[in-house]
Amino acid sequence: MAIFERVSDLVRSNINDLIDKAENPEKMVKQIIIDMEDQLRKATQGLGTAMGSFNQVKKQLETAQEQSNVWQGKAKTCLEQGNEDLAKQALENKVKQDKMVAQYQEMATTMEAQVNDIKSQIDTLKQKLEEARSKQAMLVARSKMADAQSQMAKTLGNMDSKSAFAKMEKMEQKIEQKEAQANAYSEVSGIQESENDPFAQMDKENSINDELEKLKQEMNNN
């Protein structure tokens with residue numbers, strides 16, 4: 001049956017492989033679960049139909065067996081009454097019923113095996129469906145994490161590290177130049193301020209006079 005072949009295909013499907021191939025894993029997982037639920041529903045309906053047919057055959061088998069027993073009893077009664085011809089007619093009908101019993105029995109055996117096979121497939125599909133549902137959140141989270149890692153790798157890959165470092169070094173050199181200029185301005189400003197400061201000039205002259213007196217005393221002593 002095509003429906004049960006489809007169920008079997010879904011049971012054998014590897015969910016992780018489907019996720020790897022999906023462009024949108026979250027939607028893909030949801031669709032997988034929807035498909036499995038749909039197949040489970042169809043399989044359950046098919047099981048109901050198969051069980052209905054099986055039960056009908058079993059009733060026909062029981063009826064044929066009962067009729068065979070009835071004709072068996074009538075044949076026995078006819079013999080007890082000494083009516084052998086009528087007993088043969090009853091046994092003829094019994095043989096017909098026995099053939100029907102054999103046919104119904106064969107049908108019932110085959111259909112019972114089919115019903116059990118369908119039940120087994122449905123149980124397996126239910127198990128796989130529960131596994132898919134339990135994995136849904138985990139697989140979607142894994143997919144999103146992989147996307148984030150891929151995006152980060154692409155971002156880092158697009159960055160020219162040498163160029164970035166070169167720009168940083170150039171900027172640092174400019175800042176150092178500005179700092180050197182600022183220091184130079186400060187030194188020049190300090191010199192100019194000292195030259196214009198009368199107190200600084202006075203201290204300078206006193207120092208020179210002190211040195212002059214020391215030099216005179218040293219020459220007089222010689």
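Let me start from a single side chain: Arg133 is partly exposed, with 37% relative accessible area, where buried means under 20%, exposed over 50% and partly exposed in between, for a 1.4 Å probe and protein chains only. What I am showing is a predicted model, in which local features need pLDDT of at least 70 and side-chain atom pairs count only at pLDDT 80 or more, while totals for chains, interfaces and linings use all residues. Residues are numbered from 1 along each chain as its sequence is written, and side-chain values use heavy atoms, with hydrogens and water left out.

Staying with Arg133, this residue forms a salt bridge with Glu130, and the closest N and O atoms are 2.9 Å apart; by salt bridge I mean a side-chain nitrogen of Lys or Arg within 4 Å of a carboxyl oxygen of Asp or Glu. Both partners lie in helix α4, three residues apart, which is about one turn of the helix, and Glu130 is itself partly exposed, at 47% relative accessible area. The pair also belongs to a network of salt bridges that links Glu37, Glu130 and Arg133.

How many salt bridges does a search of the whole structure find? The search finds six, and I will describe two more of them. Asp98 is bridged to Lys94, with the closest N and O atoms 2.7 Å apart. These two are four residues apart in helix α4, and are therefore separated by about one helical turn. Asp98 counts as partly exposed at 28% relative accessibility, whereas Lys94, at 17%, counts as buried. Glu131 is bridged to Lys128, and here the closest N and O atoms are 3.8 Å apart. Glu131 and Lys128 are three residues apart in helix α4, so about one helical turn separates them. Each of the two counts as partly exposed, Glu131 at 30% relative accessibility and Lys128 at 30%.

Let me step back to the overall layout. The secondary structure comes to six helices and zero strands, where helices (H or I, at least four residues) and strands (E, at least two) are DSSP runs numbered from the N terminus. Read along the sequence, the pattern is α-α-α-α-α-α. Of the 222 residues in the protein, 19% are buried. Among contacts with a sequence separation of 6 or more, 79% are between residues 24 or more positions apart, contact meaning heavy atoms within 4.5 Å.

Now to the interior. The largest nonpolar core has 22 residues, and those with the most contacts inside it are Met36 and Ile122; such a core is a set of buried Ala, Val, Leu, Ile, Met, Phe, Trp, Tyr and Cys residues joined through side-chain atoms within 4.5 Å. Which elements give two or more residues to this core? They are α3, residues 25-80, and α4, residues 84-158, and α3 gives the most, with 12 residues.

Some individual residues make the picture more concrete. Leaving out residues up to four places away in sequence, Ile122 touches Leu40, Ala43, Thr44 and Leu47. With the neighbours within four places again set aside, Val115 is in contact with Leu47, Ala50, Met51 and Phe54. Val115 is placed in helix α4 and counts as buried at 4% relative accessibility; its C-alpha is 9.7 Å from that of Thr49, although the two are 66 residues apart in sequence. Ala132, also in helix α4, is buried with a relative accessible area of 5%. Not counting residues up to four places away, Ala132 touches Ile33 and Met36, and its C-alpha lies 9.3 Å from that of Lys30, a residue 102 positions away in sequence.

On aromatic side chains I can be brief. A search of the whole structure finds zero aromatic pairs, a pair being rings of Phe, Tyr and Trp (its six-membered ring) with centres within 6.5 Å, classed as stacked with planes under 30 degrees apart, edge-to-face over 60 and tilted for the rest. The charged end of Lys74, however, sits over the ring of Trp71, 4.5 Å from its centre, where the criterion is NZ of Lys or CZ of Arg within 6 Å of the ring centre and within 35 degrees of the ring normal.

Finally, a word on confidence. The mean pLDDT, the predictor's confidence in each residue from 0 to 100, is 79 for the protein, and 75% of its residues reach 70 or more. Among the elements, helix α1, residues 2-12, has the lowest mean pLDDT, at 51, and α3 the highest, at 90. Where pLDDT is low, the predicted coordinates should not be read in detail.
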